[in-house]
Amino acid sequence: MGKTVLVVDDSVSMRQMVGFTLTNAGYTVVEAVDGQDAVSKLTGGAKPNLVITDLNMPVMDGISFIKHVRAMPDFKFTPILMLTTESADNKKKDGQAAGATGWIVKPFNPEQMLNVVKKVMPG
Amino acid sequence: MSTDLSRFQDAFFEESAEHLSTMEEGLLQLEQRPTDLDLLNRIFRAAHSIKGNAGMFSFTDLSGFTHHVETVLDALRNGRIGVTKPVIDLLLDARDTMKTLLGAVQGQGSADAEAVEAIRVKLEACRAVSPVGAQHVVPLPRAEVGRTDASPRLVRYRIAWTPPDDVFQRGLDPARILQELADLGTVNSVTADLARVPDLQAIDPERCYLSWSIELETGSVVRDVESVFEFVREGSVLAITDVGAQHVVPLPPSTAEPTAERKRIGEILVEEGVATPEQIAVALGKQKRLGDILVEDRAVSPQQVQQALEKQRQMEAAAAARKAEPSSIRVDTTKIDKLINLVGELVITQSMISDLGHHFEMDKLPMLLERVVQLERNTREIQERVMAVRMVPIGTVFNRFPRLVRDLASSKRKQVRLTLSGEETELDKTVIESIGDPLTHLIRNAVDHGLELPEDRIARGKPEEGTITLNAFHQGGTICITVEDDGRGLNREKIVAKAIAQGLITEGETLSDDAVWPLIFRPGFSTAEAVTDVSGRGVGMDVVKRNIESLGGTVMIQTTEGRGSRFTLKLPLTLAIIEGMSVRVGPEIYIVPLTSIIESIRPRREEIKTIVGRGELVDVRGAYLPLIRLYHVFGGAANLTDPIQAVLMIVESEGERVALMVDELLGQQQVVIKNLSQNFRKVEGIAGATILGNGQVAFIVDVRGLLTVSREENAVAA
């Protein structure tokens, strides 16, 4: 497929798990440990087709990160999925207002995650 | 796609342990700085990560419980409840419960369900006091996939959809959504409504001006159709109308019959009341093992079964060993980068030297020497850096003490302030791992015995709040850790009286202070008047001393009655390199750790005595010490067999002194310990080996082991 996904999460086990699932499904994975790290990966030349980001992170949280990405001309239209434990609507609303495309609610299994990824991955 | 996530569990466990310490540390600090929102956010994030990740691994107990903790933290964050001692107490308890639950999923012990429930109820109650009123409890979130098999009918829907005009900016593509609808069934028609498209000049190409109306024929229920629009819902105008069933297509009955969880036959029989658990147990006991049946049928021989069983045991043992084996260490990447730089330099030096070697002429000798010096420097630096990789800041140990002191202080009704300094001081990982218990002991003692009750302190004109200071710093090639309190200090009379009562010293013996204080390190020694749950059981100080000595360190006491005490632990930086004295016995060279050497003497003839059953003794200023001839213990031949010509080294271990007889002292040097038992086997009296500058192998003497060996030999000789 040759599609690249940027995975942003401060938790090693989440990154490993998400990364492993995506790699197995044929995606190329770039990892970042928080919003700031992810921004520097993007300005440093990473060209993901899709971004998956956690919301609660140190240094730069997910919402600020999403706003940052949307402000970058190259990634204006890149789908961004947020990982959230809140099934509550306010987080989703905040995320969408910031420019998030969709969300994956934790806990999820790999299959569920891939379904959502497929749903928004540009063709 | 395999859904096996267990391979990521180790990372989860490690990470969660870190989050738990963040929480503990954070909560303790929060008590001091209740308005620090950054701090609160950090605690919240830690709890939140544990909850989310635990959910991923289906550790529902942990994630469910943590959810309650998180809710309380959130209430703190929003200011709905205030930071008070009871709340902090509760959250600390809850953190401990999380730790227990985490341990339980790792297979370490199990959580007491009632205790967990009790804390959970308290957490809920704590939140309920919030003035804003009860907050809706969010059930444990579940992944949002809905697929009901209720209707096997094909339904026709008419869908009118106007996406928000910023749909592209949200990374969404309406074409994908139309495609997804098509995947659900048959799209009979799609009509785009162009009414909102403005004039060409006014068009912003990044906005969406289109609306669609779609007719879809599908077997899916309306919720599935809606879920296609899940992400685009916000800001969309969407209407889905059921235009009616077209025709009913009978589908084969669902094969996804919900299967009951597989139960054992015995469980079912008991549940249905057909059999009692006892009957089942008896019946199960009658069952024969596979091996027995095969042997009876003469299919295999008993020996073969035995062999197979043995193999099974070995495999299990090996699996268990594998599980326990790896211990990992987190290394700051800057350390590794420096190491790589140094290796780069080493390679350059090496190539310069080999270049010189290829076209060597005598006039290049100074240059060669210069390069060799450079090589030496590179090697030494690399050695230091490699050692540094094993170095861990002692803060990782210190961190557990604020909590310990807080808990102790409140249970002992004392007011204690703990000051930490030198947390960044680095120590070898092995030392770090073994230093925790002795330090814990010293700190418990300081709170329990050292510090007085607030009223006593006031009576003595001291501040009400006692201070315990924990400090770590480098001193020469060693690390010093001090535990200091401003309490009552050691009581000389009590210690002496107790020592006399225990027969450690005799009445009338006059001892200097420096000789009195170490008495508290004797096994079974305790002057605490009441045995408390904290200390005073008489096990403790001797263990502290033994642990520190086994690390090659020493413990020192300074104390002033009424003013406080200070315990100073001196530890080697690393266990892999020791300061040693090299000694010669015949052709062999041995290394004796410098820390155990007290002095070296050459005795007079009349100071050597032989006593039946105790072997040779030497009189050192009135004390008779056993004389051990090193060549007797390890075999081999010495040049000097007469003690008055040889050198006697007085060495000490665990308070016991002996004189080691050697031919000659060669000098002091640092040696790298090579483990013997990995390559050969454990040899009593030998701690390891090292390679000397000339390539010769020298054994490192384990003084404590040597004492044991010589005692046994004397016992046999007697």
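**Exercise 1. Find out how many helices and strands chain B has, and how much of the chain is buried.**

Step 1. Chain B holds 22 helices and 22 strands. Helices (H or I, at least four residues) and strands (E, at least two) are DSSP runs, numbered from the N terminus. Before going on, please note that this is a predicted model, in which local features need pLDDT of at least 70 and side-chain atom pairs count only at pLDDT 80 or more, while totals for chains, interfaces and linings use all residues. Residues are numbered from 1 along each chain as its sequence is written, and chains are lettered from A and ligands numbered from 1 in the order in which they are written.

Step 2. Of the 718 residues in chain B, 25% are buried. A residue is buried if 20 or more other C-beta atoms lie within 10 Å of its own, exposed if 12 or fewer, and partly exposed in between, with C-beta atoms placed from the backbone.

Step 3. Now for the contacts, where two residues count if their C-beta atoms, placed from the backbone, lie within 7 Å. Among the contacts in chain B with a separation of 6 or more, 66% join residues 24 or more positions apart.

**Exercise 2. Describe how H1(B) packs with H2(B), and how H12(B) packs with H13(B).**

Step 1. Two packed helices are described by the angle between their axes and the distance between the axes. Axes are lines fitted to C-alpha atoms, for helices over the stretch in contact, and angles run from 0 to 180 degrees between N-to-C directions.

Step 2. For H1(B) and H2(B), the angle is about 150 degrees and the axes are 9 Å apart. The two helices are therefore roughly antiparallel; angles under 35 degrees count as roughly parallel, over 145 as roughly antiparallel, 65 to 115 as roughly perpendicular and the rest as oblique. Their crossing is left-handed, a term used if the near helix is turned anticlockwise from the far one by less than a right angle, with right-handed used if clockwise. The residues that make the contact include B:Phe12, B:His19 and B:Met23 of H1(B), and B:Leu39, B:Ile43 and B:Ile50 of H2(B).

Step 3. Helix H12 (residues 333-358) and helix H13 (residues 365-389) of chain B pack at about 160 degrees, again with a stated axis distance of 9 Å. That makes H12(B) roughly antiparallel to H13(B). This crossing is left-handed. Residues of H12(B) that take part include B:Leu339, B:Leu342 and B:Ile353, and they meet a set in H13(B) that includes B:Leu368, B:Leu375 and B:Ile382.

**Exercise 3. Work out which elements bring chains A and B together.**

Step 1. Begin with the residue counts: 31 residues of chain B are in contact with 38 residues of chain A.

Step 2. On the chain B side, helix H1 (9-32), helix H2 (37-56) and helix H6 (174-184) each supply at least two residues. H2(B) gives the most, with 8 residues.

Step 3. Helix H5 (residues 110-120) of chain A has buried residues that include A:Met113, A:Val116 and A:Val120. The buried residues of H5(A) pack against H6 of chain B, together with helix H1 (12-24), strand E3 (50-54), strand E4 (80-84) and strand E5 (102-105) of chain A.

**Exercise 4. Locate the largest nonpolar core and explain where it lies.**

Step 1. A nonpolar core is a set of buried Ala, Val, Leu, Ile, Met, Phe, Trp, Tyr and Cys residues joined through C-beta atoms within 7 Å. The largest has 50 residues, and A:Val8 and A:Ile52 touch the most other members.

Step 2. This core lies between domain 1 (6-128) and domain 2 (155-245) of chain B, because both give residues to it. The domain bounds come from an automatic or database domain assignment.

Step 3. Leaving out residues up to four places away in sequence, A:Ile52 touches A:Val5, A:Val7, A:Val8, A:Val18, A:Leu81 and A:Leu83. A second, separate core has 37 residues, including B:Phe398 and B:Ile468.

**Exercise 5. Pick out the unusual backbone geometry.**

Step 1. The peptide bond from A:Lys106 to A:Pro107 is cis, with omega near -5 degrees. A:Pro107 sits in the loop between E5 and H5 of chain A.

Step 2. B:Ser58 has a positive phi, near 60 degrees, and is not a glycine. B:Ser58 belongs to the loop between H2 and helix H3 (60-77) of chain B and is partly exposed, with 13 other C-beta atoms within 10 Å.
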